[in-house]
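This report describes the internal packing of one protein chain, beginning with its enclosed space and moving on to its core and selected residues.

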Amino acid sequence: ESLDRDSTIDNDRSELLIEKLQYKLKVLLGEIIKLKASAIDSEEPLESYGIDSIMITKLNQKLSDVFGDNLSKTLFYEYQTIYDLTQYLIKEYESK
């Protein structure tokens with residue numbers, strides 16, 4: 001029974017982590033594109049927000065402030081939505 005409870009706690013923590021990280025990414029993106037985080041859809045392709053290479057450079061700078069300088073500078077090209085980027089970051093940093 002405690003195993004079930006532990007896995008529920010892990011799932012709750014994972015969900016909370018996903019929500020918090022998605023919100024943080026939306027805030028960072030919103031600062032660049034001048035939108036409120038609540039107006040950004042996690043599953044909407046970033047290109048639909050008019051993201052260009054200059055904006056991506058600014059986003060990379062903001063992300064490196066949070067995650068360190070080891071992040072790939074092509075993340076916003078590789079992961080086209082906030083949701084996809086969130087999944088990558090969690091997998092990449094969960095083990096560290």
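Helix H1 provides the largest share of the lining of the largest cavity, namely three residues. In this predicted model, the complete lining consists of Leu25, Leu28, Leu29, Leu59, Leu63, Phe76 and Ile82. At least two lining residues come from each of H1 and H2. By class, the lining comprises seven nonpolar residues, with no polar and no charged ones. The volume of this largest cavity is about 40 Å³, and a search of the whole structure returns one cavity of 30 Å³ or more. As background, rolling a probe the size of a water molecule over the atoms shows where empty space is left.

The overall architecture can be stated briefly. The protein contains four helices and zero strands, so that its elements, read from the N terminus, follow the order α-α-α-α under the DSSP assignment of helices and strands. Of the 96 residues in the protein, 32% are buried. The exposed surface amounts to about 6,500 Å², of which carbon and sulfur atoms supply 49%. Among contacts with a separation of 6 or more, 51% are between residues 24 or more positions apart.

Attention now turns to the nonpolar core. The largest such core has 22 residues, and those with the most contacts inside it are Leu29, Ile51, Leu63, Leu85 and Leu89. Two or more residues of this core are given by each of helix H1 (2–33), helix H2 (53–67), helix H3 (75–78) and helix H4 (82–94). H1 contributes the largest share of the core, seven residues. In soluble globular proteins, nonpolar side chains tend to be buried together.

Leu29 appears both among the core residues with the most contacts and in the lining of the largest cavity. Which residues does Leu29 contact, leaving aside its neighbours within four places in sequence? They are Ile40, Leu46, Tyr49, Ile51, Leu59 and Ile82. Within this set, Ile51 is another of the core residues with the most contacts, while Leu59 and Ile82 also line the largest cavity.

Three further residues merit individual comment, and their accessibilities are tabulated below.

| Residue | Relative accessible area | Class |
|---|---|---|
| Thr86 | 0% | buried |
| Gly50 | 42% | partly exposed |
| Lys34 | 69% | exposed |

Thr86 is found in helix H4. Because its relative accessible area is 0%, Thr86 falls under the 20% limit and counts as buried. Beyond its neighbours within four places in sequence, Thr86 is in contact with Ile18, Leu21, Gln22 and Leu25. One of these partners, Leu25, is also a lining residue of the largest cavity.

Lys34 and Gly50 are both placed in the loop between H1 and H2. Is Lys34 buried or exposed? At 69% relative accessibility, Lys34 lies over the 50% limit and therefore counts as exposed. Its backbone is also notable: phi of Lys34 is near 60 degrees, a positive value in a residue other than glycine.

Gly50, with a relative accessible area of 42%, is partly exposed, because this value lies between the 20% and 50% limits. The C-alpha atom of Gly50 is separated by 7.9 Å from that of Ile33, although the two residues are 17 residues apart along the chain.

How values were computed:
Residues are numbered from 1 along each chain as its sequence is written. This is a predicted model: local features need pLDDT of at least 70, side-chain atom pairs count only at pLDDT 80 or more; totals for chains, interfaces and linings use all residues. Side-chain values use heavy atoms; hydrogens and water are left out. A nonpolar core is a set of buried Ala, Val, Leu, Ile, Met, Phe, Trp, Tyr and Cys residues joined through side-chain atoms within 4.5 Å. Buried means under 20% relative accessible area, exposed over 50%, partly exposed in between (1.4 Å probe, protein chains only). Contact means heavy atoms within 4.5 Å. Accessible areas come from the Shrake-Rupley method with a 1.4 Å probe; for residues, only the protein chains shown count as cover. On a 1 Å grid over the protein atoms alone, a cavity is a set of points where a 1.4 Å probe fits but cannot get out, and a pocket is an open set with protein on both sides within 12 Å along at least five of seven lines; lining residues have an atom within 4 Å of a point. Grid points are joined across faces, edges and corners, and a volume is the space filled by probe spheres set on the points. Ala, Val, Leu, Ile, Met, Phe, Trp, Tyr, Cys and Pro count as nonpolar, Asp, Glu, Lys and Arg as charged, and the others, Gly among them, as polar.
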